[in-house]
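Thank you all for coming; I would like to walk through one structure with you slowly, and I will start with a question before turning to the wider picture. Please have a look at the screen first.

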Amino acid sequence: RNEGTLTARDGGYISLMGQQVQNTGVIAARMGKVVLAGGQAVTLDVVGDGLLSAVVDSASVKALVDNAGLLTADGGQIFLSAKSAGGLLDTVVNQSGVVQANSLSGANGEIRLDGGSRGVVQVSGNLLAQGAQAGTQGGTVKVLGDKVGLFGAATVDVSGQNGGGKVLLGGDFHGQGADTNASQTIIASGASIHADALQSGAGGQ
């Protein structure tokens with residue numbers, strides 16, 4: 001559980017792992033990666049080029065990743081992943097805070113919330129992978145699991161100055177691709193999704 005402020009150097013990474021992982025503070029890794037992973041066993045792999053890969057290998061009946069604070073990795077990647085060994089209605093990823101991976105010049109941000117094939121992913125906060133700087137495009141946001149939802153005033157924004165990015169909720173277009181397809185996707189009346197081109201270029205997906 002992080003209640004403080006954790007900051008990596010540019011291009012670095014911060015990973016919190018356990019059966020249950022909670023953040024109410026600030027975790028920042030500009031141009032790097034932030035990983036919150038919940039399960040019985042997690043493999044963390046730092047490959048030669050400095051990229052970080054985290055895989056939840058074994059599920060836990062108590063698995064939970066809960067972010068009520070701020071996660072930021074502009075120009076980088078943020079992954080929240082958990083796998084449950086319990087019932088089909090277990091909430092394994094709960095995002096009520098702010099997750100931000102805005103694009104920088106030459107590096108689009110990516111956010112991925114993954115509840116595996118049995119978990120519920122609940123978003124009531126903000127997921128931001130915007131291209132706010134001149135010449136940048138929006139990044140990518142994926143919200144995947146058995147059941148996924150945007151609740152309350154949840155906001156997903158991948159708008160960019162030179163083109164919109166990509167938002168996948170519950171899987172890819174028509175269930176294509178390698179991403180997990182949800183059995184149910186919910187978008188509340190107060191939630192919003194933006195993938196606009198703000199100055200030039202095409203809108204996103």
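Leaving aside its neighbours within four places in sequence, which residues is glutamine 161 in contact with? Before I answer, please keep in mind that what you see is a predicted model. Glutamine 161 sits in the loop between strand S18 (155-157) and strand S19 (166-169), and with the near neighbours set aside its contacts are Gly131, Ala132, Gln133, Ala134, Gly135, Thr136, Leu198, Gln199 and Ser200. Is this residue buried or exposed? Its relative accessible area is 15%, and because buried means under 20%, glutamine 161 counts as buried.

Let me now go to the sheets, since the two strands on either side of that loop each belong to one. In the sheet that holds S18, seven strands form an open arrangement in the order S1-S4-S9-S12-S15-S18-S21, and the pairing is parallel. S1 and strand S21 (192-194) stand at the edges with a single partner strand each, so one side of each has no neighbour in the sheet. On average, neighbouring strands of this sheet are turned by 5° against each other, if direction is ignored. As one example of the pairing, strand S15 (residues 126-128) is joined to S18 by three bridges, and the two run parallel; within that pair, leucine 128 has aspartate 157 in S18 as its bridge partner.

The sheet that holds S19 is also open, with six strands in the order S2-S5-S10-S13-S16-S19, and here too the pairing is parallel. Why do S2 and S19 each have one side without a neighbour in the sheet? They stand at the edges, and each has a single partner strand. The twist in this sheet averages 0° from one strand to the next. Inside the sheet, strand S10 (residues 77-82) and strand S13 (residues 110-114) pair in the parallel sense over five bridges, and serine 81 has aspartate 114 in S13 as its bridge partner.

There is a further set of strands that I would like you to find on the screen. Strand S14 (residues 120-123) is joined to strand S17 (residues 147-150) by four bridges, running parallel, and four bridges also join S17 to strand S20 (residues 184-187), again in parallel. You can follow a line of residues across these strands, for valine 123 stands opposite leucine 150 in S17, and leucine 150 in turn stands opposite isoleucine 187 in S20.

Now I turn to charged side chains. How many salt bridges does the count come to? The count comes to six. One of them joins the side chains of arginine 1 and glutamate 3, at 2.8 Å from N to O; arginine 1 is exposed at 60% relative accessibility, and glutamate 3 is exposed as well, with a relative accessible area of 57%. Another is formed by arginine 30 and aspartate 10, whose closest N and O atoms are 3.2 Å apart. That pair links distant parts of the chain, 20 residues apart, with arginine 30 in the loop between strand S4 (26-28) and strand S5 (33-38), and aspartate 10 in the loop between strand S1 (5-7) and strand S2 (13-18). Arginine 30 is partly exposed at 41%, and aspartate 10 is partly exposed at 44%. Lysine 147 forms a salt bridge with aspartate 146, at 3.1 Å between the closest N and O atoms, and aspartate 146 counts as buried at 11% relative accessibility. Salt bridges that share partners also join Arg112, Asp114, Lys142 and Asp179 into one network.

Lysine 33, in strand S5, is a case to look at with care. This lysine is buried yet has no salt bridge, the nearest side chain of opposite charge being glutamate 110, at 7.1 Å. What lysine 33 does have is a polar contact, side chain to side chain, with glutamine 77 at 2.9 Å.

I will close with glutamine 19, which lies in the loop between S2 and strand S3 (20-23) and is partly exposed, with a relative accessible area of 35%. Its side chain makes a polar contact with the side chain of glutamine 40 at 3.3 Å. Glutamine 19 and serine 84 are 65 residues apart in sequence, while their C-alpha atoms are 9.5 Å apart in space.

Terms used. Residues numbered from 1 in each chain as written. Predicted model: local features only at pLDDT ≥ 70, side-chain atom pairs only at ≥ 80, totals over all residues. Heavy atoms only, no water. Salt bridge = Lys/Arg side-chain N within 4 Å of Asp/Glu carboxyl O. Buried < 20%, exposed > 50% of the residue type's maximum accessible area, 1.4 Å probe, protein only. Pairing = 2+ DSSP bridges. Contact = heavy atoms within 4.5 Å. Lys, Arg positive; Asp, Glu negative; His and termini not counted. Polar contact = N/O pair within 3.5 Å; in protein donor to acceptor, adjacent residues only side chain to side chain. Axes fitted to C-alpha atoms, helices over the stretch in contact; angles between N-to-C directions.
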